[in-house]
Amino acid sequence: RYQRDVLVRLRKAPIFHICLISGVALGWGTEFLITADYKIATPKASFGLPETGLGILPGAGGTSELQSLIGLPHTLRLGMTGERITSDEARRIGLVQECSVDFDAGFARAVELCKMVEKKSPSAIAAFKAASLSAVGASERTRMEAEARAYEHCVDTGEAAVGRASFQIIREGGVPKWGQRTLHSPSS
């Protein structure tokens, strides 16, 4: 239960969490990927859920959450057979989003993505992630309400005003001074 709790809290952390896999990610290693927002694998990566061969089951999200990422048939295949899959197969079924040629290329791609994120409003990033995660499996009404609350949060924190006031800076590739409340009247 402790492991599940840690993974759930990590999944909900208000950051863009990237995993770069370049080795064996079996059992808990595959389950850990549920926490990541984006996954990049090298050709050296392999994945699987061997727990049923040990008389247990993948109990840190492999049974309850993995199906939301790769679908029930692939979850059942991995969990019931213990099959070990390659990075290419992991990408095909949606367990990872990209394959890189090697660790260095994968790391460079992760850094590139992080640099894009660091230019964005931290409040908007956190609100976007929270709304997106809460939408999984929810009704349309619940999804729309979560999105509306997230949007209102960005307005209420002043980040939307900072973004509007910094539009030219953003267009030129600069970064606004997020966190500096710049509220304007609706007519501005």
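Analyst: Contact means heavy atoms within 4.5 Å. Helices (H or I, at least four residues) and strands (E, at least two) are DSSP runs, numbered from the N terminus. The model is predicted: local features need pLDDT of at least 70 and side-chain atom pairs pLDDT 80 or more, while totals for chains, interfaces and linings use all residues. Residues are numbered from 1 along each chain as its sequence is written, and side-chain values use heavy atoms, without hydrogens and water.

User: Which residues of helix α4 are buried?

Analyst: An α-helix has 3.6 residues a turn, so residues three or four places apart point the same way. In α4 (residues 72-81), the buried residues (under 20% relative accessible area, 1.4 Å probe, protein chains only) are Thr-75, Leu-78 and Gly-79. They line one face of the helix, because their directions from the axis to the C-beta atoms fall within an arc of 90 degrees.

User: What covers these buried residues of α4, and which exposed residues does the face turned away carry?

Analyst: The cover includes α3 (67-70), β5 (85-86) and α5 (87-93). The face turned away carries Pro-73, Met-80 and Thr-81, which are exposed (over 50%; partly exposed lies in between). Just after α4, Gly-82 has a positive phi of about 75 degrees.

User: Which residues touch the most other members of the largest nonpolar core?

Analyst: Such a core joins buried Ala, Val, Leu, Ile, Met, Phe, Trp, Tyr and Cys through side-chain atoms within 4.5 Å. Among its 18 residues here, they are Ile-21, Phe-47 and Leu-95. Two or more residues come from each of β1 (18-21) and α5. Another core, of five residues, lies apart from it and includes Tyr-38, Ile-40, Ala-110 and Leu-113.
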